Amino acid sequence: MTHTEDFEDLLDCKNVLGVEYDEETNTLTVFVSQKLPDSELADEDNVKLRVSDVTLEVEDAGFDEERDGFDALSRVESVPEAQADRQERHRPVVGGVSEINAKASAATAGPYPARVADTSTAKWSDAVSEGDLVRLSNNHVYARINEAEFGEPIVQPSSTDGGSLPDDKTGELLGYVTVEDGAVVDVAARSVDPEQDSAEYHELDDSWPTTVRREEYRSMKGKTVTKTGRTTGVTKSQVKATSASVRVRFGDAGTLTLRDQCIAGAMSEGGDSGSPVFLDSSGELVGLLFAGSARQTIFNKISNVESELGVELLTDEPGEGGDGGNGDGGGGDDDTGGDGDNDDPATYRETLSESVSVAVGTPQLSLVSFSVLGSPSPGEHVSATARVSGSAKGTAWLAVDGDRTTFTLGEEHVRGNRYLKDVSLSFTVPDSAGESFDVDVDGGYVLDE
């Protein structure tokens with residue numbers, strides 16, 4: 001089977017910045033820094049002469065000159081001025097405003113809250129524990145392209161916008177995924193103060209993100225996405241690619257190839273790095289913006305951000321229940337929820353109760369998370385995503401209320417010392433469902449007979 005990576009040799013051609021192969025339509029899309037007539041191209045640089053048996057589309061990135069990569073958008077030579085309200089000091093910090101490592105120029109505060117789920121998948125400070133909350137932006141925003149030391153301060157607003165130490169410090173660098181050839185994300189995390197960080201996104205609907213997209217990215221092609229960022233504010237564009245390999249210029253770190261990227265039309269400029277990207281029709285969080293040109297914007301899939309960094313994006317303010325409840329709110333030192341002297345006692349509503357069955361003598365499959373799309377109603381057939389962790393590669397299965405689905409865990413799902421995958425499921429909400437209902441989720445490996 002043919003994949004985008006099979007065409008990455010084209011990235012060596014003059015002006016070629018990105019490629020994506022769509023298996024369903026047998027279409028190869030090539031993104032170039034400028035379009036030139038065949039007469040001005042050597043044969044080895046003419047994509048038309050190097051591919052066959054595919055439908056070829058060429059997209060102009062609008063640089064109007066020979067380039068070897070898109071721009072990482074906080075690394076451009078001259079970062080444009082921010083929208084006035086976004087370069088101001090915001091407390092609590094909301095997503096989409098000016099923020100960056102104190103030793104860098106200007107960029108954007110990204111998704112929050114994210115819960116650390118696995119510190120073995122990326123580089124994390126020894127001070128971090130699983131369960132801690134963090135805010136995300138790009139590696140090149142918080143971690144200075146792999147160069148920063150853990151504990152380096154982050155400021156809001158960015159240094160270029162007047163932010164300075166110590167008054168404007170919002171947190172410290174805690175973790176990042178190394179940016180290198182073959183990477184699929186440009187992401188880092190900083191520490192947070194729940195009193196000084198907000199789960200809201202500047203100038204977007206308060207309910208966003210409604211959900212977090214963890215699969216089926218190809219279905220986003222042609223759909224409109226929205227971002228909120230430091231420089232250009234709230235902008236929208238249509239998705240052009242969902243599995244592209246792209247070359248990106250990271251300043252002194254050089255030009256690197258990143259894989260499995262989404263590309264939309266023009267909706268960003270320098271300083272918008274770190275912007276969260278949402279599906280416009282639903283408010284679903286789908287990406288983390290990091291690079292682009294005058295005509296294209298490139299963002300990481302948010303599912304890759306989660307799996308590569310080892311975090312889980314939450315959709316509620318920590319302590320408010322639902323996906324965002326972290327067990328730390330409202331109980332004080334006495335975590336029983338009893339009738340103490342607290343004028344506003346916490347309500348502990350159970351949404352998770354499960355027994356864990358540990359298999360003996362066979363590979364182990366465990367359920368990491370289970371989330372339902374939207375707000376389920378009695379009698380409704382709903383879609384769900386189950387994140388599973390396996391101890392070995394092979395064929396595994398999950399069943400929701402007895403309806404079984406099989407899937408494969410392979411080398412592409414390796415995360416640290418385990419196999420991690422999001423599995424799509426569906427089931428019907430019981431007609432008798434009240435404020436909550438139970439779902440039976442079973443699973444394991446398919447053993448050879």
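Here is a short walk through this structure, from the whole protein down to a few of its residues. Keep in mind that what you're looking at is a predicted model.

Let's start with the big picture. The protein has 449 residues, and 51% of them count as buried. Its secondary structure comes to three helices and 27 strands. As for how the chain meets itself, take the contacts between residues at least 6 apart in sequence: 67% of these join residues at least 24 apart. On the outside, the protein exposes about 20600 Å², and carbon and sulfur atoms supply 41% of that area.

With the strands in mind, let's pick out one sheet. Strands of a sheet pair through backbone hydrogen bonds, and they can do that in parallel or antiparallel fashion. The sheet to look for is an open one made of three strands, in the order β24-β23-β27, with antiparallel pairing. Which strands stand at its edges? They are β24 (403-409) and β27 (441-445). Each of these has a single partner strand, so one side of each is left without a neighbour in the sheet. Going from one strand to the next, the twist averages 20°.

Now zoom in on one pairing in that sheet. Strand β23 covers residues 394-400, and seven bridges join it to β24, the two running antiparallel. If you'd like a spot to find by eye, look for A399, which stands opposite R404 in β24.

Next, move to another strand, β15, which spans residues 233-249 and holds S237. Is S237 buried or exposed? Its relative accessibility is 8%, so S237 counts as buried, since the cut-off for buried is under 20%. What surrounds S237? Leaving aside residues up to four places away in sequence, S237 touches K223, T224 and V225, along with A264, G265, A266 and M267. One of these neighbours, G265, deserves a second look: its backbone nitrogen lies 3.0 Å from a polar atom of the S237 side chain.

Finally, a word on cysteines. C13 has a relative accessible area of 5%, so it is buried. C262 is buried too, with a relative accessible area of 0%. And how many disulfides are there? Counting pairs of cysteine sulfur atoms within 2.5 Å, the number comes to zero.

Methods:
Residues numbered from 1 in each chain as written. Predicted model: local features only at pLDDT ≥ 70, side-chain atom pairs only at ≥ 80, totals over all residues. Heavy atoms only, no water. Helix = DSSP H or I, 4+ residues; strand = E, 2+ residues; numbered from the N terminus. Buried < 20%, exposed > 50% of the residue type's maximum accessible area, 1.4 Å probe, protein only. Polar contact = N/O pair within 3.5 Å; in protein donor to acceptor, adjacent residues only side chain to side chain. Contact = heavy atoms within 4.5 Å. Areas by Shrake-Rupley, 256 points an atom, 1.4 Å probe, with all protein chains shown as cover. Pairing = 2+ DSSP bridges. Axes fitted to C-alpha atoms, helices over the stretch in contact; angles between N-to-C directions.
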